[in-house]
Every structure is written in C-alpha cells, then in structure tokens.
Amino acid sequence: MHVVAFFGSPRKDGNTSILLREAIRGVVESGHEVQTFDLPRMRIRACQNCGGCDKTGVCVIEGDEMPGIYTALRATPRVILASPIFFAGLSAQAKTMVDRCQAFWCEKYLLNRPIPESAEGRKGLFLTVGGMKTGKGVECGGATATAFFRTLNVPVHASLGYRGVDAKGAIREHPTALAEAFDAGRELVRA
Ligand SMILES: Cc1cc2nc3c(=O)[nH]c(=O)nc-3n(C[C@H](O)[C@H](O)[C@H](O)COP(=O)(O)O)c2cc1C
C-alpha cells in the first residue's frame, strides 16, 4: 500500500518529526511504502478564495508544488497529517496545504464527485504535539484534521495528540508516545 504523509513542522528533528518517523517505521515494517511531503520546505501558496475551483474542483493557482500533492491525495488509500500546535491550531505550513484542499471540497460537496474509494478503503492518521499542558490547541487542530480527512473522502482516522511537550526532542521522554505512534502506523495499513 502507498501511504502519503504530510510533515508540518518547520523545526527539523523536533517533536512532530520524531512522532511521524515512528509512525512511518510502523508502516514500513508492515511492508508498505510512504511518500512524505515536507511542507515547510515546499513552495505552496495560500488559498485565495477566488472561486476558481467552484465549478471544476480544479485549483487555478499555478507555479507552486500543490499539483504533486493533489495527484498523491487522489491516488492514496492512506493519509498521515502531522503538525505541531501553533496558536491553538495547525502550523501555518500544514494549514496552507489543508486550505488548498478546498478544490477537493468543491469536487465532493458542490459537484457530488468525492474521491473514489479504493479496494483498500481510505483511512487517515493525525499526529500532533502542543507545548501547553492545558488549553484547546490539540482539539482545535483535531477539528481541522477531521475537516481535512472528510474532504478527502477519508471516512475514518485515528488521532494521537500530546500536550505539555515543548522543548525540541521532549517527546522522547513521554512514556508511551513513540510506541503509540509506531502502533498507529502499523494499524493504519492493517487490512
Ligand atoms: C509560533 C508558535 C506557536 C505556538 N502555539 C502553541 C499553542 O497555541 N499551544 C500549544 O500547546 N503549544 C504551542 N506552541 C508550542 C509547540 O506546539 C511545541 O513547541 C511543539 O513541541 C513543537 O513541535 P515541533 O518540535 O514538532 O515543532 C507554539 C510554538 C510556536 C513556535
């Protein structure tokens, strides 16, 4: 199975990166492959709400790297979205990619043409880390992830969110997070 993963943290080798790596290890050790999009290192313009996709489901913005993402999202049966919590939501880099999926929203909800299910069905996994011990950040990020997956016609997804994890690499000290991410990767590709 071909899994598509989105890495949404600008901090290289930080907490989101460590979690995502574990989930990917779970996928790969189950015999499947992962294509990762490193969003902060990609050129992706923000949605302009220009209405250009309303009647076609095709985004009219040209000259950035979204076309490769659209193609990958259309074809894959499994999607991972990994982002830190920034100001009670996804990182700007992750959210920018999510907003550009408005083209799929138009296709599904205005044109009644959801991305077709494959033989393996469609499933998702959301991974997130927030520095604060309390607050609504993880839930708010989770609400965006749910809207993202449903727009992609992914009817079910698992979520792992960790609070109070702030310093670079601090997720390694969490008693269960890495093992849970590995298991979530394995579970994602279970038939
Ligand atoms: C711009 C910015 C905004 C942040 N806002 C929040 C927030 O609203 N809630 C929270 O729990 N943590 C917040 N944090 C802390 C990060 O979520 C935390 O440091 C996380 O571990 C970063 O993950 P990373 O190492 O994968 O980048 C913020 C960090 C930055 C840089």
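Colleague: Which elements do the buried residues of α3 pack against?

Modeller: They pack against β1 (2-7), α2 (66-75), β3 (78-86), β4 (89-90), α4 (102-110) and α5. The labels come from DSSP runs, with helices being H or I of at least four residues and strands being E of at least two, numbered from the N terminus. Packing here rests on contact, meaning heavy atoms within 4.5 Å. Keep in mind that this is a predicted model: local features need pLDDT of at least 70, side-chain atom pairs count only at pLDDT 80 or more, and totals for chains, interfaces and linings use all residues. Residues are numbered from 1 along each chain as its sequence is written, and side-chain values use heavy atoms, with hydrogens and water left out.

Colleague: Which residues of α3 are buried?

Modeller: In α3, which spans residues 92-99, they are A94, T96, M97 and V98.

Colleague: And why is V4 called buried?

Modeller: Buried means under 20% relative accessible area, exposed means over 50%, and partly exposed is in between, using a 1.4 Å probe and protein chains only. V4 has 0%, so it counts as buried. V4 sits in strand β1. Not counting residues up to four places away in sequence, V4 touches Q35, F37, A72, T76, R78, V79 and I80.

Colleague: What makes N153 buried?

Modeller: Its relative accessibility is 18%, so N153 goes in the buried class. You'll find N153 in the loop between α5 and β6. Leaving aside neighbours within four places in sequence, N153 is in contact with K108, P114, I115 and R122.

Colleague: Why does A143 count as partly exposed?

Modeller: A143 has 47% relative accessibility, so partly exposed is the label. A143 lies in helix α5. The C-alpha atoms of A143 and L90 are separated by 9.9 Å, though these residues are 53 apart along the chain.

Colleague: What is unusual to look for in the phi of D13?

Modeller: The phi of D13 is positive, about 60°, although D13 is not a glycine. D13 belongs to the loop between β1 and α1 (15-29), and at 48% D13 is partly exposed. A88 also has a positive phi of about 60° without being a glycine. A88 is in the loop between β3 and β4, and its 42% makes A88 partly exposed.

Colleague: How do you know that β5 and β6 pair?

Modeller: Two strands pair if DSSP finds at least two bridges between them. Seven bridges join β5 (residues 123-129) to β6 (residues 156-162), and the two run parallel. One of the partners: L125 is bridged to A158 in β6. The chain gets from β5 to β6 through helix α5 (residues 137-151), in a right-handed β-α-β crossover. Right-handed means that, with the strands pointing away from the viewer, the path from the first strand over the helix to the second runs clockwise.

Colleague: How many residues surround the ligand, and which are the closest?

Modeller: There are 16, and the closest are S9, T16, I85, V165 and D166. To be near a molecule, a residue needs a heavy atom within 4 Å of it.

Colleague: What makes the pair between D166 and the ligand a polar contact?

Modeller: A polar contact is a pair of N or O atoms within 3.5 Å; within protein, one must be able to donate a hydrogen and the other to accept it, and residues adjacent in sequence count only if both atoms are side-chain atoms. A ligand oxygen is 2.5 Å from an N or O atom in the D166 side chain. An N or O atom in the S9 side chain is 2.6 Å from a ligand oxygen, and for a polar backbone atom of I85 the distance is 2.7 Å. The protein covers 76% of the 650 Å² of accessible area that the ligand has on its own.

Definitions and conventions:
Areas by Shrake-Rupley, 256 points an atom, 1.4 Å probe, with all protein chains shown as cover.
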